[in-house]
Amino acid sequence: MTGTMPSHYGEEFARAEAGMIGADSGWFKAARGRALTHFSRIGFPTTKDEEWKYTSVAPIERRSFRLAGHPRNGLDVAELDRLRLIEAHELVFVNGYYSAQLSRLASLPAAVSVTPLSEALPQDSLQEHIERQAEQPGNGFAALNAALLSDGVHIRVGPGVDLKPALHLLFITTSSGSPMAFFPRVFIEAGANSRVLIIEHYAGLTPEEYFTDALTEINAGPGATVEHYKWQMEGARGYHIGQMLVHQQGESRVTSYSVSLGAALARHDIAVSLAGEGAGASLNGLYMAEGRQHVDHHTSVDHQQPHTTSAEYYKGVLAGHARGVFDGKVMVREGAQKTDACLTNKNLLLSEHAEMDTKPELQIYADDVKCSHGATVGQLDEDALFYLRSRGIEYSQATALLTYAFADDVVARIAIEPMRHAIERHLTARLPHAALVKELL
Amino acid sequence: MLTISNLHVCADRKPILRGIDLEVGRGEVHAIMGPNGSGKSTLAHVLAGRDVYEVTQGTVVYDGADLLAMPPEDRARRGMFLAFQYPVEIPGVNNAYFLKAALNAARRYRGLTELDAVEFLSLVREKMKLVHLDEALLKRSVNEGFSGGEKKRNEVFQMAVLEPRLAILDETDSGLDIDALKIVAEGVNRLRGGDRSIILVTHYQRLLNHVLPDAVHVLSEGRIIRSGQRELALELEERGYDWLRPKALA
């Protein structure tokens, strides 16, 4: 359960503490200190830990990642423009730090506040959250994030507000010359009956090694509707560990999409508490990995109240020597009657060397519930492949086409058009016969 | 057009076809009949290039070339078409684009210019009428959510668009009501003629009331045990298959 704490994070902390955000806030400083102590006690997880059985973070542990300073090098404007979304409120973070200059927040309505943590931190409203995550049991990454927090954002959407367009949080990593670590934090509070759409986008623009340890919290008030997109496009040698904690009150709706395409190693923990009657969560994911990429999703949905619903739909495509992990836990508490939960995980293995471990796990303590789960790992449908070939479509084209169709099933659900198109472009670019595949859709 | 000589085929090491000889000339329509499990569908799939079957002996010459050496896509591009008994649903792949890609792959292979979207659409509209297919099906994924009859008509429609030189219809008549059967038969008859050869694989002779074959072959336990004219099909209808089986003679 416990690993060893790489002592250099203590040294990094001591070195950087005075310059960190919130350094002049007493409670925050104390919370950072406690988080560091907690981390030094529990360290990084090891594969002996049940939750990390198939995902070794030893490569992260072995590197002495340093805390990033403010980036000195300017960002390539063309590259930034490529990542921007048309019609979105946009917050841009470069190497962990918020850039007011690159962000576009002018048109936010008054009932919505979007505050970078560097400005928000002395606030007492965040104290409870920060302190809770500082000593989260069993997860060294949350403690490390709390101890070394780089920057982030606090988003509050007032009651009844329908925020349009989407909020795009763009976390860009650029070259910095040595292996760096980033610890972003996102707080989202959606007021009663509000609606908000948020894209949390990680884009690595560097071939260097780096480590992102991200923590996101969503609190959906009564009747609130939150759509959250996590778009993971870290660099080829990036490590991404992301945790998302969702707390839902009565009749709220949270839809989550995790599109995980980049990074050498990516781990996504998504934990949802359905804490109010009639709350509903829909969790969707698409991951594609090739070469020696490793991608892991762990979801846990806790049905605490009656009439709560959850629907999970995750699909993965694994090629080369890639490895995928999916672990979906659904808990239905005593008294959470009329719960409706379903969980689906489908995986496509394109190579005999690719590997997938999938494990749905249902724990049900109520008797009047509807729960289903299904997980599959397989190759392309031979019958479909033969059907296409029997019509004159070449084997490699048929393979590309069926692979794309498998993945697009999730992509097609993404409501934000520019994001959907960008992901479709990325998918086709990774397949042979891109032009033909594009035409056939 | 097609010469099959001493063809032996196994599936899972179990012999299915045990020495088939068959000659189909240009423009001819041959019916292959036989009881369930006689190897009819296996023969159709082997000709189209399905690789789950292992050819252990024999040769197939198609239009002067060694058919068994070709991958399925080359067979299709050279004008072979298999209408599936169970057309496969392919979610996420658009029916119209799929067919356009198939048609243009064949046209490229034959050195013809590819059809653009407008030319393709007008061709498709004309051919859809042939089998009374609703144009809305073009916009759907390949066979996805099609009724049994729509799937079969979609096969004949694809055949009409691709204009094959040798069409193999694998039990295209099974599961159709009489009206759908007539539509399918009408579609096949319209495609008949000229150099186009057709092999009709069927269990019942009722399709042969509408599409008159030049020859009828009876397949049993992996061998052709009787060949004849159309009258053979009528006799089978009356007497069943048992009287032809070697066992029944013993």
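Me: Since domain bounds come from an automatic or database domain assignment, what are the bounds in chain A of this predicted model?
Reply: The assignment gives domain 1 as 8-276 and domain 2 as 382-441. Taken over C-alpha atoms, the centres of domain 1 and domain 2 of chain A are separated by 32 Å.

Me: What makes up the contact between domain 1 and domain 2 of chain A?
Reply: Residues count as touching if their C-beta atoms, placed from the backbone, lie within 7 Å. By that cut-off, domain 1 of chain A gives 9 residues and domain 2 of chain A gives 6 residues. On the domain 1 side, strands S11 (225-233) and S13 (253-260) of chain A each supply at least two residues. That side of domain 1 has 9 nonpolar residues, with no polar and no charged ones.

Me: Why is one side of strand S3 and of strand S21 of chain A left without a neighbour in the sheet?
Reply: The open sheet of 10 strands in chain A has the order S3-S2-S6-S9-S11-S13-S15-S17-S19-S21, with mixed pairing. S3 (97-104) and S21 (370-378) of chain A stand at its edges with a single partner strand each, so one side of each stays free of a sheet neighbour.

Me: How do you know that strands S6 and S9 of chain A pair?
Reply: Pairing takes at least two DSSP bridges, and S6 (residues 166-173) and S9 (residues 195-204) of chain A have 7, running parallel. As for a partner in S9(A), Leu169(A) bridges to Glu200(A).

Me: What does helix H9 of chain A touch when it packs on the sheet?
Reply: H9 (residues 395-411) of chain A touches strands S15, S17 and S19 of chain A, and its direction makes about 150° with that of S17(A).

Conventions:
Residues numbered from 1 in each chain as written. Chains lettered and ligands numbered in written order. Predicted model: local features only at pLDDT ≥ 70, side-chain atom pairs only at ≥ 80, totals over all residues. Domains from an automatic or database assignment. Contact = placed C-beta atoms within 7 Å. Helix = DSSP H or I, 4+ residues; strand = E, 2+ residues; numbered from the N terminus. Nonpolar A, V, L, I, M, F, W, Y, C, P; charged D, E, K, R; others polar. Axes fitted to C-alpha atoms, helices over the stretch in contact; angles between N-to-C directions.
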